[in-house]
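The following exercises ask the reader to work from a set of coordinates to a description of a fold. Each task is followed by a solution in steps.

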Amino acid sequence: MSDNSDVRTHHVVSSSVSDETEAAWRGELAATEQLTPTIVDAIIKHHGDRGARAIDAVSEERVKRYRDFTVVVGHNDEYIVEAGGCTCKDSLYNLDATDPTQCCWHILATAIAERIGVVDHHDMWYADVHDFLS
């Protein structure tokens, strides 16, 4: 893990969203830098099972940032989260990308991990790691 000075300022998942509830929990999370019971409840109330899965991924430290991508390690694969989008099938086929309440758990996990400073940073290219693991 490397020390990156911009860890807290670089967010792959923006805080600027039009949905007030979404903006509220993201803002509170950024301000407190921790998952409080109130924030956890807000995330799960707003996002249901996807929110719960995101919180689990964060607690299990499965959000990784490489030089080129942020990756969330799922149970069967790894998913690239970039510019607020994700490579998972849920994002590609089931969700409306223009609706901030409809995002996959990988995006939610990234948003949470970024705001509480628990993104696992790797000073290497994900493309190289992915090629090695394949």
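The exercises below proceed from the whole chain to one helix and then to the nonpolar cores.

**Exercise 1. The chain as a whole**

Determine the order of the secondary-structure elements and describe burial, contacts and surface for this predicted model.

Solution.
1. Assignment of the elements gives five helices and five strands.
2. Read from the N terminus, their order is α-α-β-β-β-β-α-α-β-α.
3. The protein has 134 residues, of which 41% are buried.
4. Among contacts with a separation of 6 or more, 63% join residues 24 or more positions apart.
5. The exposed area is about 7,500 Å², and carbon and sulfur atoms supply 49% of this area.

**Exercise 2. Geometry and sidedness of helix α1**

Test whether the span of helix α1 (residues 20-32) agrees with expectation, and establish where its buried residues lie around the axis.

Solution.
1. Helix α1 contains 13 residues, and the expected span is 1.5 Å times one less than that number, which gives 18 Å.
2. The end C-alpha atoms of α1 are 18 Å apart, so the model agrees with the expected value.
3. Application of the burial criterion, under 20% relative accessible area, selects Glu22, Trp25, Arg26 and Leu29 in α1.
4. These residues cover an arc of only 95 degrees around the axis and therefore lie on the same side of α1.
5. The general rule behind such a pattern is that an α-helix has 3.6 residues a turn, so residues three or four places apart point the same way.
6. On the face turned away from the buried side, α1 carries the exposed residues Glu20 and Ala31.
7. The cover over the buried residues of α1 includes α2 (37-59) and α4 (105-116).
8. Just after α1, glutamate 33 adopts a positive phi of about 60 degrees.

**Exercise 3. The nonpolar cores**

Identify which residues of the largest nonpolar core touch the most other members, and which element gives the most to this core.

Solution.
1. The largest nonpolar core comprises 27 residues; those touching the most other members are Trp25, Val58, Val63, Cys86, Ala109 and Ile112.
2. At least two residues of this core come from each of α1, α2, β3 (78-82) and α4.
3. Helix α4 gives the most, with eight residues.
4. With neighbours within four places in sequence left aside, isoleucine 112 is in contact with Trp25, Leu29, Leu35, Ile43, Ala54, Ile55 and Val58.
5. Apart from this core lies another, of five residues, including Val71, Ile80, Tyr126 and Val129.

Technical notes
Residues are numbered from 1 along each chain as its sequence is written. This is a predicted model: local features need pLDDT of at least 70, side-chain atom pairs count only at pLDDT 80 or more; totals for chains, interfaces and linings use all residues. Side-chain values use heavy atoms; hydrogens and water are left out. Helices (H or I, at least four residues) and strands (E, at least two) are DSSP runs, numbered from the N terminus. Buried means under 20% relative accessible area, exposed over 50%, partly exposed in between (1.4 Å probe, protein chains only). Contact means heavy atoms within 4.5 Å. Accessible areas come from the Shrake-Rupley method with a 1.4 Å probe; for residues, only the protein chains shown count as cover. The arc is that of the directions from the helix axis to the C-beta atoms. A nonpolar core is a set of buried Ala, Val, Leu, Ile, Met, Phe, Trp, Tyr and Cys residues joined through side-chain atoms within 4.5 Å.
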